[in-house]
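I opened this model to get my bearings in it. These are my notes, in the order I looked things up.

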Amino acid sequence: MCDKLSPVRNGQLTQTHTLYSRIVLSCISELFFRMQQHLSANMKQPEFVILGGGIVGLSCAVRLLEKYPEASLHIIGEHFSPHTTSDVAAGLWGPYALGNTSETACRKWAKDTHTYMHQLWRSGQAEQCGLCLVPVVELFRAEEETTPWWHDIVFGFQSHRLQPERTEFLGHKLGQNMYRMGISYITFTCEPTRLMNHYRKILSAHKVQFRTARLESLRCLTKLKINSNAIIINCLGLGAHHVVGDAELGPIRGQVQKVNAEGVFHSFANDECYIIPNTDTVTLGGTKQKSTRTSPCPVDRYMIRTNCTAIVPSLGEARLLKDAVGLRPVRSSGVRVEMEKVYLFDGKHGKQASLLVHNYGHGGAGITLAWGCAGEVVHLVEREMGSSIESKL
Ligand SMILES: Cc1cc2nc3c(=O)[nH]c(=O)nc-3n(C[C@H](O)[C@H](O)[C@H](O)COP(=O)(O)OP(=O)(O)OC[C@H]3O[C@@H](n4cnc5c(N)ncnc54)[C@H](O)[C@@H]3O)c2cc1C
């Protein structure tokens, strides 16, 4: 039939065919364009629910908003600052009580946080963030020389074999020959209550919602009217023990005293105690006990003051502002920063998968690692979003 068509009719057919192809093509490209728009809107406006409002949760919130400024973000916590474990810490930068966290991961997170503290300090935000750059002296009885892996992250690290004349400046009760080795360096103390207050201002300006609620399990989220597509970030600290059933996580009790001592500008530590200056107060510590007791113990109080006074005698007269107790969230296999899929919400075809990113178990170093670990969380989220877009396309 087609061969018999006159040239005119044949031309008409070609035109119709071209028109038809154009319409189909434009429909496809419109569809493709809309799909891309939808996906990039989802990218720009993801929804995050952060469980836990301590230093780890708030650091995640700030870093997620830096990456996704249009995101909607909720933070759920049983307590917020100044009533979290993070508020108890003096906030001296230093990896401590971290279970079996790999040195590579720890180094990355700790260094990232140190660099961030340095940036805040250099940009004139030290006071509002509770940052002080302080010299630290640590003394040991052991003979062998110790150079910790983090020596090149802090400033001016030195290891010293101590001769009696080098410890003469210390309180007389220590005796001149007690210490064989010492290290000194310069790093940051970061008062968590101030830093969390700073974060809270940033988050409130982004209309982040803070919700006070206690979770008994992740299933409780279904009752809190959370969008089932939201990405959940678990920063529950010790609370992760029962909320996600992590038997590796346990408390290591720390008791400290916050005192008024204006003349202390160095941080000192030995095997028994530590002295850490903050912006307005000095923190004297501390204990490291397997215990869940959250009330101050008078014996600990006495020992802390006696040991610290042996190093800096004027601390004997320092006015006690408060005793504070916190339970460090120590995880035997180390800090947990990883993503998993959980099935909490009902979807059209049965249970729907939600993304859950864990970030807990920071032991005695939550302030030291929080910013770096939050960066890792952002990286995991970014990778997942990237891969889900690729698979949808
Ligand atoms: C005495 C002491 C001194 C320390 N000194 C230092 C230091 O100098 N440097 C340093 O880096 N680190 C230090 N640490 C460690 C540091 O304090 C912790 O690693 C850090 O606070 C952990 O932060 P987080 O946000 O994970 O936990 P948290 O601060 O405990 O926050 C957990 C959040 O989760 C919420 N939550 C928990 N369970 C539930 C639940 N079931 N339902 C709802 N919400 C829940 C809590 O209410 C809270 O909002 C010290 C700790 C102690 C105790």
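Before listing any neighbours I fixed what a contact is: two residues are in contact if their C-beta atoms, placed from the backbone, lie within 7 Å. I also noted that this is a predicted model.

Entry 1, the whole chain. I counted nine helices and 14 strands. Of the 393 residues in the chain, 39% are buried. I then looked at contacts with a separation of 6 or more, and 80% of them join residues 24 or more positions apart.

Entry 2, the annotated site. I looked up the UniProt record, an unreviewed entry, which places a "binding site" at Thr85, Ser86, Ala90, Gly91, Leu92, Gly363, Gly364, Ala365, Gly366, Ile367 and Thr368. I picked two of these positions, Gly364 and Gly366, to follow up.

Entry 3, Gly364. I found Gly364 in the loop between strand E14 (350–360) and helix H9 (366–392). Is Gly364 buried or exposed? The cut-off for buried is 20 or more other C-beta atoms within 10 Å. Gly364 has 21 such neighbours, so it counts as buried. Setting aside residues up to four places away in sequence, I found Gly364 touching Tyr96, Ala97 and Arg328.

Entry 4, Gly366. I found Gly366 in helix H9. Gly366 counts as buried because 27 other C-beta atoms lie within 10 Å. Which residues does Gly366 contact, leaving aside its neighbours within four places in sequence? I listed Ile55, Val56, Ser86 and Ala89. Ser86 is also one of the positions in the UniProt "binding site".

Entry 5, helix H2. Ile55 and Val56 led me to H2, which covers residues 55–67. I checked its length: at 1.5 Å a residue, its 13 residues should span 18 Å, and the end C-alpha atoms are 18 Å apart, so the two agree. The buried residues of H2 are Ile55, Val56, Gly57, Leu58, Ser59, Cys60, Ala61, Arg63 and Leu64.

Entry 6, H2 against H6. I found H2 packing with helix H6 (residues 192–205) at an angle of about 35°, their axes 10 Å apart. The crossing is left-handed. From H2, the residues Ile55, Leu58, Ala61 and Val62 take part, and they meet Pro192, Leu195, Met196, Tyr199, Arg200, Ile202 and Leu203 in H6. I sorted the residues of this contact into 10 nonpolar, no polar and one charged. For the spacing I noted a general point: an α-helix has 3.6 residues a turn, so residues three or four places apart point the same way.

Conventions
Residues numbered from 1 in each chain as written. Predicted model: local features only at pLDDT ≥ 70, side-chain atom pairs only at ≥ 80, totals over all residues. UniProt positions renumbered as here; feature names shortened; annotations may be inferred. Helix = DSSP H or I, 4+ residues; strand = E, 2+ residues; numbered from the N terminus. Buried ≥ 20, exposed ≤ 12 C-beta atoms within 10 Å, placed from the backbone. Expected span 1.5 Å × (residues − 1). Axes fitted to C-alpha atoms, helices over the stretch in contact; angles between N-to-C directions. Left-handed = near helix turned anticlockwise from the far one by under 90°. Nonpolar A, V, L, I, M, F, W, Y, C, P; charged D, E, K, R; others polar.
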